[in-house]
Amino acid sequence: EVDEERVRVIATAVAPLEELREQRADAVRVRLDVAELDVALVRRLRKAIEAHRGETQLYFEIARPGVFSLLVQAQSSFRVAPSRRLTEELEAVVGPERVHYRARPR
């Protein structure tokens, strides 16, 4: 709201910035390095995903840096509920900065 003397911001909702990406997510992408993939990692990844089932589509970006990158959509039974806890658990498995969210259009 703007008047002659000042500008006022009127909020309809307030949320911590770090939670906004999860709240507005319509897809989650997890980046996996082919060189790091093994049975133990896949089991830990599956356990984290199963603990956070939901309605949001999950994708895996499987890559060999400098060689190729492949985006794979997970089966619908592996949809997730985006949350800070999901991000933390996935990053504990695959490493920091490897979990990305795509925001749904407004």
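**Exercise 1. Contacts of a loop residue**

Which residues does alanine 81 touch, not counting residues up to four places away in sequence?

*Solution.* The model is predicted. Start with the location: alanine 81 lies in the loop between β3 (68-73) and α3. Next, list the contacts. Alanine 81 touches His52, Arg53, Gly54 and Leu86. Then check exposure. Buried means under 20% relative accessible area and exposed means over 50%. Alanine 81 has a relative accessible area of 31%, so it is partly exposed. Finally, take a distance: the C-alpha atoms of alanine 81 and proline 105 are separated by 18 Å. These two residues are 24 residues apart along the chain.

**Exercise 2. Strand pairing**

Work out how the strands pair, and in which sense.

*Solution.* Begin with strand β1 (residues 25-33). β1 pairs with strand β2 (residues 53-64) in the parallel sense, over 7 bridges. Two residue pairs help to trace this on screen. Arginine 29 stands opposite tyrosine 59 in β2, and valine 30 has phenylalanine 60 as its bridge partner in β2. The chain gets from β1 to β2 through helix α2 (residues 39-50), and this β-α-β crossover is right-handed.

Now turn to β4 (residues 99-103). β1 and β4 pair in the antiparallel sense over 5 bridges. Valine 28 has tyrosine 101 as its bridge partner in β4.

Last, look at β2 with β3. They run antiparallel and are joined by 6 bridges. Isoleucine 62 has leucine 70 as its bridge partner in β3. The hairpin of β2 and β3 has 3 residues between the strands, and glycine 66 takes a positive phi near 80° there.

**Exercise 3. Two faces of a helix**

Which residues of α2 are buried, and which exposed residues does the face turned away from them carry?

*Solution.* First, the dimensions. α2 has 12 residues and reaches 16 Å from its first C-alpha to its last. That is close to the 16 Å expected at 1.5 Å a residue. Second, the buried set: Leu41, Leu45, Ala48 and Ile49. They cover an arc of only 100° around the axis, which puts them on the same side of α2. Third, the face turned away from that side carries the exposed residues Val39, Arg43 and Lys47. Fourth, the packing: the buried residues of α2 pack against β1, β2 and α3.

Repeat the analysis for α3 (residues 84-94). Its buried residues are Leu86, Thr87, Leu90, Val93 and Val94. Their arc is only 130° around the axis, so they are on the same side of α3. Just after α3, glycine 95 takes a positive phi of about 110°.

**Exercise 4. The core and strand β2**

Which residues of the largest nonpolar core touch the most other members?

*Solution.* The core has 19 residues. Val30, Leu45, Ile49, Leu58, Phe60 and Leu90 touch the most other members. Next, sort by element: β1, α2, β2, α3 and β4 each supply at least two residues.

Then follow leucine 58. Leaving out residues up to four places away in sequence, leucine 58 touches Val28, Val30, Ile49, Val72, Gln73, Ala74, Phe78 and Val80.

Compare threonine 56, which sits in strand β2. Its relative accessible area is 10%, so threonine 56 is buried. Outside its neighbours within four places in sequence, threonine 56 is in contact with Ala25, Asp26, Ala27, Val28, Arg79, Val80 and Pro82.

Definitions and conventions. Residues are numbered from 1 along each chain as its sequence is written. This is a predicted model: local features need pLDDT of at least 70, side-chain atom pairs count only at pLDDT 80 or more; totals for chains, interfaces and linings use all residues. Side-chain values use heavy atoms; hydrogens and water are left out. Buried means under 20% relative accessible area, exposed over 50%, partly exposed in between (1.4 Å probe, protein chains only). Helices (H or I, at least four residues) and strands (E, at least two) are DSSP runs, numbered from the N terminus. The arc is that of the directions from the helix axis to the C-beta atoms. Two strands pair if DSSP finds at least two bridges between them. A crossover is right-handed if, with the strands pointing away from the viewer, the path from the first strand over the helix to the second runs clockwise. A nonpolar core is a set of buried Ala, Val, Leu, Ile, Met, Phe, Trp, Tyr and Cys residues joined through side-chain atoms within 4.5 Å. Contact means heavy atoms within 4.5 Å. The expected span of a helix is 1.5 Å times one less than its number of residues.
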